[in-house]
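This report goes through a single protein chain, first at one chosen site and then more widely. The sequence and the coordinates come next.

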Amino acid sequence: MPPFQIPGKIQEMQPIEILHHVWWIGAVDGNKRNFHGYSRSPKGTTYNAYLIQDEKNVIFDTVDEKWSGTMLCRLAHILPLEKIDYIVVNHTELDHSGSLPLLVEKCHPEKIFVSPQGKRFLDAQFDTEGWPVEVVKTGDSISIGQRTVQFIQTPMLHWPDSMFSYIPEDRLLISNDAFGQNIASTERFADAVPRPILLQAVKEYYGNIVLPFSPQVLKTLEAVASLHLDIETIAPDHGLIWRGSEDCDFILNAYRQLAEQKPQARALIVFDTMWNATERMARAIASGFEDSGIPCTLLDMRVCHHSDVMTALTDCGAVVVGSSTHNNNMLPQIADVLTYMGGLRPANRIGAAFGSYGWSGEAPALIQNHLAAMKMDLPEKPLKIAFSPKHKDLAACHDFGARLAQALKLRCELPVSE
């Protein structure tokens, strides 16, 4: 279905009515590529903010400060700013609260609702003296007229302050960063975008932001299920809005699968190389996987970003990391990848290390130590080859990949080659 439109009006800076008297008043940032300083957003992003019109008019979250004028312009198309009664702050990260001080100044709301941790974070980020802040917890609710807003704390999804707002009369869940994606487009709804593109964006977002909190994701999904919420629309703070039971089920199931991190029969080989010897090793290892029936993804860190690695890892049950030895250490890009990966805490993976060297050869063992610290299974000792690999060395690399493939098949409970 196409997104709802406002008949007879120019769409520039216009709000979009996503449900009856429920409006999107966010901003689209098509140029955003560096997301929060650590991840890429190759398709840009959106900052979603929402307005519900009722006896009390309520705004849910705001946008990055850079886009405050866009949000206020969309809002002014619906009602005068002074008509805003309440603001709900589901998440205090600056891309969702950056416009809050200006909004408070312009609207003079009666109340600002926030979680207990959210109150502490607001006080730490802004001068909140005189703000009418009211702390809410799971089980609390407010009446805004014909509707009720129910609050559900979701700590560490993905900040300690995070919470959901559920409006039962609209069967609407406003989910802050959960269930979002980095997509900048004129479409507002997930059903307007091909599913493969959408799923890839979900994996990019989850693998680089939500992954370390996978245990909390599973707890939150169970908690939401236990509340028996009737959900027909999920409105996240980034990306496209999920509408209809089919799409809502899709994103809830996708999050469950991503959080469970069950072993998958695919390998990821990540490498950096100085004189292409380690690259030749990587390709020979890949052939060992492929000849054993396990597909591979190869990422050359001379041209890839560490967030590409984590996105690819959402589909892979094995990660094999290679580096030349440089100054008794691994190459800087591989050190960057492993540090970043360690912070995101992937689970249930097989790991292995390899690399070429000239005269010392420390890199593979150092990589193996990083993988061990992530609690990966390490079925093989690090593989290292002096200088440029000869035919017999490449054969050893192929066998290395084949043995890792068999170990991954066992983990995935697939038939193992004799």
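Is aspartate 161 buried or exposed? Aspartate 161 is buried, because its relative accessibility is 1% and the cut-off for buried is under 20%. The model is a predicted one, and every value below was computed from it.

## Aspartate 161 and its surroundings

Aspartate 161 sits in the loop that runs between β13 and β14. Its side chain takes part in a polar contact of 3.3 Å with the side chain of histidine 91. The aspartate 161 side chain also comes to 2.6 Å from the backbone nitrogen of threonine 92.

Beyond four places in sequence, the residues touched by aspartate 161 are Asn90, His91, Thr92, Ser115, Gln117, Gly118 and Phe121. Both polar partners, His91 and Thr92, appear in that list. In C-alpha terms, aspartate 161 is 8.2 Å from valine 114, with their positions 47 residues apart in sequence.

## Serine 115

Serine 115, one of the residues touched by aspartate 161, occupies the loop between β10 (111–114) and α4 (116–125). With a relative accessibility of 1%, serine 115 is counted as buried.

Apart from neighbours within four places in sequence, serine 115 has contacts with Val135, Val136, Asp161 and Met163. The contact with Asp161 ties serine 115 to the site described above.

## Backbone features of the loops

The loop between β13 (148–153) and β14 (163–167) also holds histidine 158. The peptide bond leading from leucine 157 into histidine 158 is cis, and its omega is near 5°. Methionine 156 belongs to the loop between β13 and β14 as well. Methionine 156 is not a glycine, yet its phi is positive, at about 65°. What is the exposure class of methionine 156? It is partly exposed, since its relative accessible area is 24% and that class covers values from 20% to 50%.

A second positive phi, of about 50°, occurs at arginine 171, also not a glycine. Arginine 171 is placed in the loop between β14 and β15 (172–174). Its relative accessible area of 36% makes arginine 171 partly exposed.

## Threonine 62

Threonine 62 is located in the loop between β8 (58–60) and α1 (68–76). Threonine 62 is buried, because its relative accessibility is 1%. Which backbone atom does the side chain of threonine 62 reach? The side chain comes to 2.7 Å from the backbone oxygen of histidine 96.

The contacts of threonine 62, with residues up to four places away left out, include a run of Asp95, His96, Ser97, Gly98, Ser99 and Leu100. Asn48, Ala49, Met71 and Leu103 are touched by threonine 62 too. The C-alpha atoms of threonine 62 and asparagine 90 lie 9.7 Å apart, at a sequence separation of 28 residues. Asparagine 90 is itself among the residues in contact with aspartate 161.

## Serine 356

Serine 356 is part of strand β23, which spans residues 350–357. Its relative accessibility of 7% places serine 356 among the buried residues. The side chains of serine 356 and threonine 278 are joined by a polar contact of 2.8 Å.

Outside the four nearest places in sequence, serine 356 contacts Ala277, Thr278, Met281, Ser323, Ser324, Thr325, Ile385 and Phe387.

## The chain as a whole

The chain contains 12 helices and 24 strands. Its C-alpha atoms occupy a box of roughly 75 × 40 × 40 Å along the principal axes. How does the radius of gyration relate to that of a compact globule, and why? The two agree, because a compact globule of 418 residues would have a radius of gyration near 22 Å and the chain has 24 Å.

Of the 418 residues, 56% are buried. The exposed area is about 17,400 Å², with carbon and sulfur atoms providing 53% of that area. For contacts between residues at least 6 apart in sequence, 70% connect residues at least 24 apart. The chain carries 37 positive and 49 negative charges, and the mean positions of the two sets are 6 Å apart.

Note on methods. Residues are numbered from 1 along each chain as its sequence is written. This is a predicted model: local features need pLDDT of at least 70, side-chain atom pairs count only at pLDDT 80 or more; totals for chains, interfaces and linings use all residues. Side-chain values use heavy atoms; hydrogens and water are left out. Helices (H or I, at least four residues) and strands (E, at least two) are DSSP runs, numbered from the N terminus. The radius of gyration is taken over C-alpha atoms; the globule rule is 2.2 Å times the number of residues to the power 0.38. Buried means under 20% relative accessible area, exposed over 50%, partly exposed in between (1.4 Å probe, protein chains only). Contact means heavy atoms within 4.5 Å. Accessible areas come from the Shrake-Rupley method with a 1.4 Å probe; for residues, only the protein chains shown count as cover. Lys and Arg count as positive and Asp and Glu as negative; His and the chain ends are not counted. The place of a charge is taken as NZ of Lys, CZ of Arg, CG of Asp or CD of Glu. A polar contact is a pair of N or O atoms within 3.5 Å; within protein, one must be able to donate a hydrogen and the other to accept it, and residues adjacent in sequence count only if both atoms are side-chain atoms.
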